[in-house]
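I am opening a fresh page for this structure, and I want to record what I looked up in the order in which I looked.

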Amino acid sequence: MKIVLDHLTKRFPNRNRKIREDVVAVDDFTVEIPDGCLIGLLGPSGCGKSTILNLVSGLEEPTSGRIFFEDRDVTNLPPEKRGVGLVFQNYALYPHLTALENIMFPLGNLRGDERLPKDEMHARAVEAAKLVQIDGLLDRRPSEMSGGQQQRVAIARALVKKPGVLLLDEPLSNLDARLRLATREEIRRIQRETKITTVFVTHDQEEAMSISDLIVVMKDGRLHQIAKPQAVYDDPVNLFVAKFLGTPPINVFSGTVKAGKLLIGSEPVLDVPGVGDGEVTVGVRPEGFEPVTEGGPSSAKKGGWIPAEGLSFACALDRVEVMGRDTSIVFAHPTLDGAFGRAIVDAEEAAGLEPGTVRFALRPSKTRLFDPKTGDRIHIAGSAEA
Amino acid sequence: MKKQNLKAWLYLLPAAAFLAVFMIYPLIDVVVYSLEEGYNSASQSYFGVGLYNFSYVLRDPYFLQALKNTLILVVITVPVSTTLALLISLALHSVKALKSFFQTVYFLPYVTNTLAVGLVFMILFKKTAYSEGLVNLLIGFFGGPSVDFIDGPYWAKMLVMCIYTVWVVMPFKILILTGALASVNPEYYKAARVDGTPKARIFFRITLPLISPMIFYLVITGFIGAFKAYSDAVALFGVDLNAAGMNTIVGYVYDMLYGNSGGYPSYASAAALVLFAIVFTITCVNLLIRRKNVVN
Amino acid sequence: MKPKDGKTFSFGRAAVYLLLVLWGVIVLFPFYWMVLSSFKSYSSYNAEFVPRFIVTDPTLANYRDAFTAVPLARYFLNTLIFTAATTAIMLTVTVLAAFAFSRLEFRGKNAVFALFLSLMMIPGELVVITNFVTITDWNMRNTFWGLILPSVTSVFYIYLLKENFEQIPDELYKAAKIDGTSDLKYLLKVMLPICRPTVVTVTILKVIECWNSYVWPRLITDEQAYFLVSNGIQEIRENGFGRENIPAMMAAVVVISLPLVILFLVFRGKIMSGVMRGGTKG
């Protein structure tokens with residue numbers, strides 16, 4: 001089922017009664033979620049993600065704007081008429097009911113023609129339980145199950161009515177790191193099997209990147225970007241999105257553009273055709289740094305990109321950290337936002353580097369320019385960004 | 001280690017001493033008293049050991065009257081007050097405006113002197129030479145017959161007693177139940193709403209089971225409390241409860257011990273032990289039922 | 001549970017408020033009635049066959065009567081002494097015991113604590129008989145000690161305080177030991193201040209209990225000079241002011257109820273949360 005949010009706005013009265021102004025939780029939010037997609041709704045805590053989920057589920061009514069499921073306007077429908085399944089952060093399993101009773105609970109709400117015979121209800125519940133692979137634990141109460149198992153019961157309960165839309169509110173945040181990995185694969189599998197349109201709220205960018213078909217990045221109630229995970233990473237629309245995604249985070253310098261050349265400090269580092277002169281904010285992904293030595297770029301022998309002659313800048317090398325596959329170079333630079341930056345390079349490139357000065361060339365495909373005032377992206381003409 | 005031991009006992013000494021003298025010793029003593037036949041408090045002598053005291057008490061019409069009164073009181077007030085408190089707590093839970101004002105008002109009877117307010121109740125229900133009493137005027141206004149609730153027929157006296165008992169126990173129950181309702185995770189209600197659960201089903205299938213431990217707690221404490229009823233009766237009907245036919249088991253114990261009909265600690269002990277046995281049995285039965293029906 | 005923020009009027013909401021207001025009236029009416037009657041003069045009270053709900057010519061004469069015709073001030077003072085002394089001794093005894101259970105190690109600690117806990121189940125009615133005899137044998141009838149002694153320990157409060165004391169991290173005790181703080185000083189300067197809310201709760205609950213206690217004082221006192229307010233009220237009820245002077249009775253009832261009502265209004269939150277944590281009536 002396709003979900004369309006059309007200029008959706010939700011205001012709350014301020015909790016602090018002295019402040020008259022409403023809190024705008026969702027601000028003119030417009031997005032179209034294609035049918036059968038798993039989309040990750042990503043943003044820092046308090047950005048309005050959960051409010052979006054409550055609006056889509058019908059637990060809250062928008063102040064203005066409309067919500068469509070396919071062509072059906074559901075804005076004023078109560079939750080039960082919308083055909084949505086919702087999984088809560090704390091699962092909200094009824095503690096006094098067994099797993100089976102919990103899963104059957106929504107079916108028991110059906111009245112009139114919709115009401116199913118008892119054995120049909122049971123069959124549906126077992127079917128849902130099989131889908132999430134907890135059919136062996138149906139007699140257990142929530143307190144007798146692990147967090148991951150409770151999570152599956154919650155998903156089964158949300159799916160048992162065969163909803164058109166599945167909503168997951170921070171579903172992994174209460175699990176430990178190992179279980180989180182397994183469960184997110186599981187959610188992906190269940191979504192693939194059911195082909196149900198799924199909205200997945202998270203503040204963890206790695207989680208969103210790993211399983212979503214599309215990522216919606218939001219902040220302060222506003223939509224910033226909707227795109228495929230790799231596109232959001234590679235092609236952020238603004239500095240916020242660039243900073244929010246990626247571990248280690250993007251390195252941010254302040255630079256200047258003069259006559260088509262980007263300067264960090266006073267050293268030219270990149271050709272930036274089509275960008276007007278002036279101050280810019282430069283974001284460089286950790287993998288966008290290439291250490292260069294006096295004799296030329298150290299990775300010249302590798303195929304692909306070769307740094308241009310004379311385009312590099314000097315940084316103070318603080319230390320080299322070896323972490324298994326990757327080696328990171330921790331460095332400082334006067335124009336850097338923050339005390340230290342981090343570059344990830346191949347192990348052999350880092351060999352022989354000593355604390356002192358290191359020169360970096362920048363890969364154009366990993367370097368992005370932003371307006372220092374608005375944070376908006378400044379595009380570089382031609383194929384320089386590819 | 002030895003020194004530490006000694007010091008600890010020093011800290012415990014006052015509590016242990018008081019408990020030994022005023023709890024443990026009396027506990028043994030009450031059993032001894034109850035078995036001493038023909039105990040004379042003047043000469044402090046007795047002439048036999050046996051169960052005569054119990055059989056005397058169980059055949060004493062005053063005790064049987066007190067037992068009957070207490071049982072009626074328990075059977076009526078515990079369900080009525082618990083249900084009413086649940087209704088009021090649900091109402092309280094569902095509103096925002098004036099909530100804390102209502103909570104404060106509802107709790108007021110808890111801190112007031114049972115005897116003092118009982119006197120006001122008596123005046124409201126009593127017929128005097130000058131006035132029918134406010135309640136009777138109210139009944140008359142609706143066309144009912146006037147009844148003397150304080151010195152009149154048994155059922156009328158019982159009714160006042162029940163009304164006053166409910167009035168007295170409500171603050172505690174409302175407090176506990178509003179607390180229980182507030183502690184239900186609101187996500188359960190959200191989940192139920194997404195599934196379109198009807199209000200009645202939410203109440204019976206979610207709310208009620210989740211607060212059932214607290215309801216059981218209230219029922220048990222309510223049983224125990226109602227079995228120990230005494231000062232409410234005194235407030236309404238005066239010290240001579242036997243004459244009013246409104247005595248309670250606890251009242252019977254005290255009357256046997258002290259006052260015009262007093263001086264029989266053996267009978268008092270036997271009656272007290274009978275009360276304890278009843279309360280203990282009911283508590284155990286309650287706990288058994290609870291274990292079967294309630295999950296935590 | 002309600003979908004909208006109460007902007008629309010609904011029948012259900014009206015019924016809910018009706019119930020709430022109705023119960024509020026039932027709760028408050030006796031208080032209103034007692035205050036109202038206490039300001040009516042004896043003659044006007046008795047002249048009203050249908051009682052009036054307002055008082056046209058308020059008089060303080062009933063309050064004067066309440067203090068002069070019966071020794072109400074004496075009852076008041078007695079109750080004050082009884083409440084203060086019982087609460088103070090009880091606090092000392094229970095805090096010391098709770099400290100021993102929570103912080104000190106000694107042999108048989110668990111067994112003793114289990115014994116204490118089991119005493120919680122013993123109803124007061126069972127031990128009153130022997131205590132009555134004991135106090136009588138000690139010639140303590142009609143004395144403050146006789147009133148106070150049997151109620152200065154509470155297993156439940158020991159339990160409550162012990163649970164609270166145990167939440168204080170061990171590190172604080174170890175730090176105090178390294179600084180050479182004595183156990184008693186640690187208890188007074190560290191534990192009690194940290195656990196102040198619980199101590200306040202226990203104090204308030206005990207004060208309420210003392211102020212309203214009736215049965216034990218009735219058994220142990222028959223001289224008016226040692227009556228507490230509850231017994232005073234009962235005495236007024238039985239023997240009154242020489243005649244059935246209801247306005248004066250109501251004045252006495254108002255005076256007796258006032259201290260606790262004020263205490264309640266001031267410490268509302270503390271009292272209610274304290275009772276929720278483990279008070280029962282009676």
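**Chain C, and then its neighbours**

I began with chain C, where residues 24 or more positions apart account for 77% of the contacts with a separation of 6 or more. I note here, before going further, that this is a predicted model, and I read every value below with that in mind.

Next I looked up the secondary structure of chain C, and I found 15 helices and zero strands. I then asked how spread out this chain is: its radius of gyration is 24 Å, well over the 19 Å that the globule rule gives for 282 residues, so chain C is more spread out than a compact globule. Along the principal axes, the C-alpha atoms of chain C fill a box of roughly 75 × 70 × 35 Å. For burial I wrote down that 41% of the 282 residues of chain C count as buried.

**Where chain C touches chain B**

I turned to the interface with chain B, and I noted that 69 residues of chain C are in contact with 76 residues of chain B. Several helices of chain C each supply at least two residues of that side, among them H4 (72–103), H6 (124–137), H11 (196–212) and H14 (246–266). Which helix gives the most to the side of chain C that touches chain B? I found that H1(C) does, with eleven residues. When I sorted the residues of this side by class, they divided into 50 nonpolar, twelve polar and seven charged.

**Chain B, inside and out**

For chain B I looked up the domain assignment, which gives domain 1 as residues 1–50 and domain 2 as residues 61–293. The centres of these two domains of chain B, taken over C-alpha atoms, are separated by 33 Å. Six residues of domain 1 of chain B are in contact with seven residues of domain 2 of chain B. To the domain 1 side of this contact, helix H1 (residues 2–35) of chain B gives the most, with three residues, and by class that side has three nonpolar, two polar and one charged residues.

I then followed chain B to chain A, where 16 residues of chain B are in contact with 16 residues of chain A. On the chain B side, the elements that give two or more residues are helix H8 (186–194) and helix H9 (199–227), and H8(B) gives the most, with six residues. By class, I counted eight nonpolar, three polar and five charged residues on this side of chain B.

**A sheet in chain A**

My last entry concerns chain A, in which I found an open sheet of six strands with mixed pairing, in the order E6-E7-E8-E3-E9-E10. Why is one side of E6 and of E10 of chain A left without a neighbour in the sheet? Strand E6 (84–87) and strand E10 (222–227) stand at the edges, each with a single partner strand, so one side of each has no neighbour there. On average, neighbouring strands of this sheet are turned by 20 degrees against each other, direction ignored.

Looking within the sheet, I saw that E7 (residues 165–169) and E8 (residues 197–202) of chain A run parallel and are joined by five bridges, and that A:Asp169 stands opposite A:Val201 in E8(A). Finally, I noted that helix H5 (residues 147–159) of chain A packs on the sheet, touching E6 and E7 of chain A, and that its direction makes about 165 degrees with that of E6(A).

How values were computed. Residues numbered from 1 in each chain as written. Chains lettered and ligands numbered in written order. Predicted model: local features only at pLDDT ≥ 70, side-chain atom pairs only at ≥ 80, totals over all residues. Domains from an automatic or database assignment. Contact = placed C-beta atoms within 7 Å. Helix = DSSP H or I, 4+ residues; strand = E, 2+ residues; numbered from the N terminus. Nonpolar A, V, L, I, M, F, W, Y, C, P; charged D, E, K, R; others polar. Rg over C-alpha atoms; globule rule 2.2 N^0.38 Å. Buried ≥ 20, exposed ≤ 12 C-beta atoms within 10 Å, placed from the backbone. Pairing = 2+ DSSP bridges. Axes fitted to C-alpha atoms, helices over the stretch in contact; angles between N-to-C directions.
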